[in-house]
Amino acid sequence: METFFHLSLALLSPGSIIENGNFGRMLNRYLPNGRFDLALLYREEVFELVRRRDYSDKPSRFKSIFLLKNMKEALQYMEYNAPDHNMYEVEIVDTSKPLHEGPWTPVFPFGGALRKYAYDFASVYWQGKILPVKLERGLVFPREVIVESPVKVLRRVSLQ
């Protein structure tokens with residue numbers, strides 16, 4: 001069985017099941033007077049709109065779990081987006097569910113209009129175009145995998 005890597009703040013034991021859809025659940029809980037990232041919510045709504053309109057065979061980010069293909073890519077993602085997270089090697093529980101690979105960077109534009117960026121990046125994301133990106137610490141291959149299935153923790157990766 002193919003394994004992947006997942007990042008989480010939670011401390012999990014081997015055999016733990018991580019349910020898919022937590023990202024969408026968190027976005028659905030945004031309250032008008034709460035602490036939230038409106039630009040992130042907007043971007044994700046555009047991603048879902050473009051997916052439903054043009055790529056309906058792809059899994060929804062709202063219902064998926066986010067994975068990384070290998071440890072090198074997981075370490076790169078962790079460095080830029082999740083430095084305090086724990087890394088887990090996992091396997092997909094329901095392997096009949098489709099996977100989608102898309103780029104995780106840039107998260108937000110480095111200048112320019114958010115609306116244009118969101119639509120342009122959604123199109124690139126759903127086409128699966130993954131090109132190396134030069135970030136401040138070097139070249140990054142920004143690939144993430146999404147799947148609408150829970151995953152099973154095989155082990156916590158020691159990074160020390």
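## Helix α2, strand β1 and the salt bridges

Apart from residues up to four places away in sequence, Val-46 touches Ala-118, Tyr-119 and Ala-122. The model in which these contacts appear is a predicted one. Val-46 lies in helix α2, and with a relative accessibility of 4% this residue counts as buried, because the cut-off for that class is under 20%. Val-46 and Arg-115 are 69 residues apart in sequence, yet their C-alpha atoms are 8.7 Å apart in space.

The helix to which Val-46 belongs can be described as a whole. The 17 residues of α2 should span 24 Å at 1.5 Å a residue, and the end C-alpha atoms of α2 are indeed 24 Å apart, which agrees with that expectation. The buried residues of α2 are Leu-40, Leu-41, Arg-43, Glu-44, Val-46, Phe-47, Glu-48, Val-50 and Arg-51, and the buried residues of this helix pack against α1 (22-28) and α4 (114-127).

One of the buried residues of α2 also takes part in a salt bridge: the side chains of Glu-48 and Arg-52 meet with an N to O distance of 3.1 Å. Because Glu-48 and Arg-52 are 4 residues apart in helix α2 (residues 38-54), about one helical turn separates them. The two partners differ in their surroundings, since Glu-48 is buried with a relative accessible area of 5%, whereas Arg-52 is exposed with a relative accessible area of 59%. A further salt bridge is formed by Asp-54 and Arg-53; here Asp-54 counts as partly exposed at 41% relative accessibility, while Arg-53 counts as exposed at 53%.

In total, the structure holds 12 salt bridges, and the table lists some of them with the distance between nitrogen and oxygen.

| Salt bridge | N to O distance |
|---|---|
| Glu-48 and Arg-52 | 3.1 Å |
| Asp-54 and Arg-53 | 2.8 Å |
| Lys-69 and Glu-101 | 3.3 Å |

As general background, side chains of opposite charge can pair when their charged atoms come close. In the case of Lys-69 and Glu-101, the closest N and O atoms are 3.3 Å apart. Lys-69 lies in the loop between β3 (65-67) and α3 (71-81) and Glu-101 in strand β5 (residues 99-103), so this pair ties together parts that are 32 residues apart in sequence. Lys-69 is partly exposed, with a relative accessible area of 25%, and Glu-101 is likewise partly exposed, with a value of 28%. Through salt bridges that share partners, Glu-2, Lys-69, Glu-73, Glu-101 and Arg-143 are joined into one network.

Arg-143, a member of that network, is found in strand β8 (residues 143-147) and counts as buried at 15% relative accessibility. The side chains of Arg-143 and Glu-73 are joined by a polar contact of 2.6 Å. Leaving aside residues up to four places away in sequence, Arg-143 touches Leu-68, Lys-69, Asn-70, Glu-73, Glu-101, Gly-102, Trp-104 and Ile-130, and these contacts include Lys-69, Glu-73 and Glu-101, which also belong to the network.

Strand β1 (residues 3-8) has 5 of its 6 residues buried, so this strand is largely enclosed by the rest of the structure. The strands β1 and β4 (residues 86-92) run antiparallel and are joined by 6 bridges; among the residues paired in this way, Thr-3 has Glu-91 in β4 as its bridge partner.

Technical notes. Residues numbered from 1 in each chain as written. Predicted model: local features only at pLDDT ≥ 70, side-chain atom pairs only at ≥ 80, totals over all residues. Heavy atoms only, no water. Helix = DSSP H or I, 4+ residues; strand = E, 2+ residues; numbered from the N terminus. Buried < 20%, exposed > 50% of the residue type's maximum accessible area, 1.4 Å probe, protein only. Polar contact = N/O pair within 3.5 Å; in protein donor to acceptor, adjacent residues only side chain to side chain. Contact = heavy atoms within 4.5 Å. Salt bridge = Lys/Arg side-chain N within 4 Å of Asp/Glu carboxyl O. Pairing = 2+ DSSP bridges. Expected span 1.5 Å × (residues − 1).
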